[in-house]
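Here is an informal walk through one chain, meant to be read with a viewer open. Keep the sequence at hand as well.

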Amino acid sequence: MRPPDQYKDLGKKFPGGERYPGFTGFLAARMAAYYAYNQVGIKDPTEDLDVIELHDAFTISDVQTYEDVGIRPYGYGRDYVESGDCYHTNPKTGKPGKLPSNLSGGLIGCMHSVGATGIMQVFEIATHIWNRWRRSTATINYGRSSIVRKPSDWTDLQVKEPSGH
């Protein structure tokens, strides 16, 4: 649980920070996370979740959403990216990221066809929880005459043993 005074000097650290989350966050994301976490008993999403898909319709959106859903305090979303913990494999340590985010490529990586990308993100998380990510991205057979194979640089992004909150 985050300390209640974590934002007491935010205005000094970040000009305008006393207005946080203000226009830099999404109220809907904050409220959805608040209600969802309380319904299932999540106290700290970085400890209680194994993989996430976030709304990232703009480059800054995933940083904002890390803050909105409590992965980092407001003003520190960038630190999460820089730590390497949002990646499947942390580039700094070579170990699994603490909480991999948007392994699908997110909305931007999937061309953000409004509505369809939300469904895609739900399916992405489901394939990890069902331990079927590998199979869902493996060789595809489009009928008798064509088979599309994985590229030579294909990487298995299956999150190991996700809990399925």
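What follows goes from the overall layout to the pocket, then to a few helices and single residues.

**Overall layout**

Bear in mind that this is a predicted model. The chain folds into eight helices and two strands, and if you read along the sequence the order is α-α-α-α-α-α-α-α-β-β. So the helices come before the strands, going by the pattern of the elements under the DSSP-run assignment. Of the 165 residues in the chain, 37% are buried. As for contacts between residues at least 6 apart in sequence, 52% join residues at least 24 apart.

**The largest pocket**

How much space lies in the largest pocket? About 760 Å³. Its lining takes in 32 residues, and L49, V51, I52, E53 and L54 are the ones that lie nearest the centre. Two elements give two or more residues to that lining, namely α2 (27-40) and α7 (116-129). Sorted by class, the lining has 19 nonpolar, 10 polar and three charged residues.

**Helix α7**

One of those two pocket-lining helices, α7, is worth a look by itself. It has 14 residues and spans 20 Å from first C-alpha to last, close to the 20 Å expected at 1.5 Å a residue. Which residues of α7 are buried? They are T117, Q121, E124, I125, A126, T127 and H128. As a reminder, an α-helix has 3.6 residues a turn, so residues three or four places apart point the same way. The buried residues of α7 pack against α6 (106-109) and α8 (133-136). Just after α7 comes N131, with a positive phi of about 60°.

**Helix α4 and its surroundings**

Helix α4 (residues 61-68) is mostly covered, with eight of its eight residues buried. In sequence order these are S61, D62, V63, Q64, T65, Y66, E67 and D68. What do the buried residues of α4 pack against? Their partners are α2 and α5 (77-83). Just after α4, G70 takes a positive phi of about 85°.

D68, in helix α4, is a handy residue to click on. It counts as buried because its relative accessibility is 6%, and the cut-off for buried is under 20%. The D68 side chain makes a polar contact with the side chain of Y74, at 2.5 Å. Setting aside residues up to four places away in sequence, D68 touches G25, F26, A29, R30, A33 and Y74.

A28 makes a useful counterpart. A28 is in helix α2, and with a relative accessible area of 60% it is exposed. A28 and D68 sit 40 residues apart in sequence, and their C-alpha atoms are 9.0 Å apart in space.

**T46 in helix α3**

T46 belongs to helix α3 (residues 45-48). Is T46 buried or exposed? At 10% relative accessibility, T46 counts as buried. Its side chain makes a polar contact with the side chain of D44, at 2.7 Å. Once neighbours within four places in sequence are left aside, T46 is in contact with I71, R72, K98 and L99.

**Positive phi values**

Some backbone angles deserve a glance too. Most residues other than glycine have a negative phi, and most peptide bonds are trans. The table lists positive phi values in this chain.

| Residue | Phi | Place |
|---|---|---|
| G70 | about 85° | just after α4 |
| N102 | near 50° | loop between α5 and α6 |
| N131 | about 60° | just after α7 |
| E161 | about 50° | segment after β2 (147-148) |

N102 and E161 make a nice pair to compare by accessibility. N102 lies in the loop between α5 and α6 and counts as buried, at 11% relative accessibility. E161 lies in the segment after β2 and is exposed, with a relative accessible area of 76%.

How values were computed: Residues are numbered from 1 along each chain as its sequence is written. This is a predicted model: local features need pLDDT of at least 70, side-chain atom pairs count only at pLDDT 80 or more; totals for chains, interfaces and linings use all residues. Side-chain values use heavy atoms; hydrogens and water are left out. On a 1 Å grid over the protein atoms alone, a cavity is a set of points where a 1.4 Å probe fits but cannot get out, and a pocket is an open set with protein on both sides within 12 Å along at least five of seven lines; lining residues have an atom within 4 Å of a point. Grid points are joined across faces, edges and corners, and a volume is the space filled by probe spheres set on the points. Helices (H or I, at least four residues) and strands (E, at least two) are DSSP runs, numbered from the N terminus. Ala, Val, Leu, Ile, Met, Phe, Trp, Tyr, Cys and Pro count as nonpolar, Asp, Glu, Lys and Arg as charged, and the others, Gly among them, as polar. The expected span of a helix is 1.5 Å times one less than its number of residues. Buried means under 20% relative accessible area, exposed over 50%, partly exposed in between (1.4 Å probe, protein chains only). Contact means heavy atoms within 4.5 Å. A polar contact is a pair of N or O atoms within 3.5 Å; within protein, one must be able to donate a hydrogen and the other to accept it, and residues adjacent in sequence count only if both atoms are side-chain atoms.
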